[in-house]
Amino acid sequence: MAFILETIVTTLSPDGSLHLVPFGLIRDGEDWILAPFRPSPTIANLEASPCFAASSPNDVRVIAGCVTGRRDWPVVACEKIRGRRLADSFAHAEFEVVAVDDDATRPRFRGRMLHQASHRPFLGYNRAQAAVLEAAILSTRLHMLDSEKILGEMRYLAIAIDKTAGPAEREAWDWIEDKVAAALGREDRILARPKAAP
């Protein structure tokens, strides 16, 4: 079973534009594999500039935001590569691509770590944060799964949101639920939106 680390990956286009996207990095010995599906700006960027950064976000809204079209998150310059990484993160690592296993559907870019740094203590995610991560991943597979499977998974994840979410996790959940509802053509919600404070 592969060990996959869920991160925010950043790459640069030839003109210096930043692309920021959630990605599961696959550990392979000392290296980490990045395997985006075609078509992908990440692939074009890596082919032009074979390096990338991976960050562990402090705020799960970054992950939920990226899968729902909200990609404008603060970044800072990397230390060892030409690139930028997520500013608000527990830690980040910088990689150079040392090999590519080309494929018509999903090429695999082998990244070798050049630098890593911790930026704040990590005490752990609560259940709502983990549920947002799982819902975000689920929302990228809407074209692959049966609607009842999707709704069943969302209903289960909603239990953790209802019990343990703070304002940030609840906002992240609402973004994802909006995306799922739109894709499935539904108007009802699994979790009602919180009432505004008086």
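# A guided tour from Asp59 to the barrel

Begin by selecting Asp59, which is placed in the loop between β4 (51-57) and α2 (61-67). The model on display is a predicted one, and the stops below lead from this loop to the strands and then to the aromatic rings.

**First stop: the surroundings of Asp59.** With Asp59 selected, consider its accessibility: is the residue buried or exposed? Its relative accessibility is 15%, and Asp59 therefore counts as buried, since the cut-off for that class is under 20% relative accessible area. Display the side chain of Arg61 next; the side chain of Asp59 makes a polar contact with it at 2.6 Å. Then add Asp88 and Ala168, both of which Asp59 touches when residues up to four places away in sequence are not counted.

**Second stop: Ser89.** Select Ser89, a residue of strand β7. Ser89 has a relative accessible area of 2% and is buried. Its side chain reaches the backbone oxygen of Leu86 at 3.4 Å. With residues up to four places away in sequence left out, Ser89 touches Ser55, Ser56, Pro57, Asn58, His119 and Arg120.

**Third stop: strand β7 and its partners.** Select β7 (residues 89-101) together with β4. How many bridges join β4 to β7? There are seven, and the two strands run antiparallel. Within this pairing, Ser55 is found opposite His92 of β7.

Now replace β4 in the selection with β8 (108-118). Strands β7 and β8 also run antiparallel, and ten bridges join them. Two positions are worth labelling here. Ala93 has Gln116 in β8 as its bridge partner, while Glu94 stands opposite His115 of β8. To see how the chain passes from β7 to β8, follow the hairpin, which connects them through six residues.

**Fourth stop: the whole barrel.** Widen the selection to the six strands that close into a barrel. In what order do they follow one another? The order is β1-β2-β3-β8-β7-β4, with antiparallel pairing. On average, neighbouring strands of this sheet are turned by 45° against each other, direction ignored. In a regular strand, side chains alternate between the two faces of the sheet, which may be kept in mind while stepping along any of the strands.

Add helix α1 (residues 41-48) to the view. This helix lies across β1 (4-12), β2 (18-28), β3 (31-34), β4, β7 and β8. Relative to β2, helix α1 runs at about 80°.

**Fifth stop: the aromatic rings.** A search of the whole structure finds five aromatic pairs. One of them joins Phe90 and Tyr125: the ring centres are 6.3 Å apart and the planes stand at 75°, so the pair is edge-to-face. Phe90 belongs to strand β7, whereas Tyr125 is in the loop between β8 and α3 (127-139), so the pair ties together parts that are 35 residues apart in sequence.

Colour these two residues by accessibility. Phe90, at a relative accessible area of 11%, is buried; Tyr125, at 38% relative accessibility, counts as partly exposed. Then select Phe122 as well, for ring pairs link Phe90, Phe122 and Tyr125 into a cluster.

**Last stop: Arg27 and Phe3.** Finally, select Phe3 and Arg27. Where does Arg27 lie with respect to the ring? Arg27 lies over the face of Phe3, at 4.3 Å from the ring centre.

Definitions and conventions: Residues are numbered from 1 along each chain as its sequence is written. This is a predicted model: local features need pLDDT of at least 70, side-chain atom pairs count only at pLDDT 80 or more; totals for chains, interfaces and linings use all residues. Side-chain values use heavy atoms; hydrogens and water are left out. Helices (H or I, at least four residues) and strands (E, at least two) are DSSP runs, numbered from the N terminus. Buried means under 20% relative accessible area, exposed over 50%, partly exposed in between (1.4 Å probe, protein chains only). A polar contact is a pair of N or O atoms within 3.5 Å; within protein, one must be able to donate a hydrogen and the other to accept it, and residues adjacent in sequence count only if both atoms are side-chain atoms. Contact means heavy atoms within 4.5 Å. Rings of Phe, Tyr and Trp (its six-membered ring) pair if their centres lie within 6.5 Å; planes under 30 degrees apart count as stacked, over 60 as edge-to-face and the rest as tilted. A charge sits over a ring if NZ of Lys or CZ of Arg is within 6 Å of the ring centre and within 35 degrees of the ring normal. Two strands pair if DSSP finds at least two bridges between them. Axes are lines fitted to C-alpha atoms, for helices over the stretch in contact, and angles run from 0 to 180 degrees between N-to-C directions.
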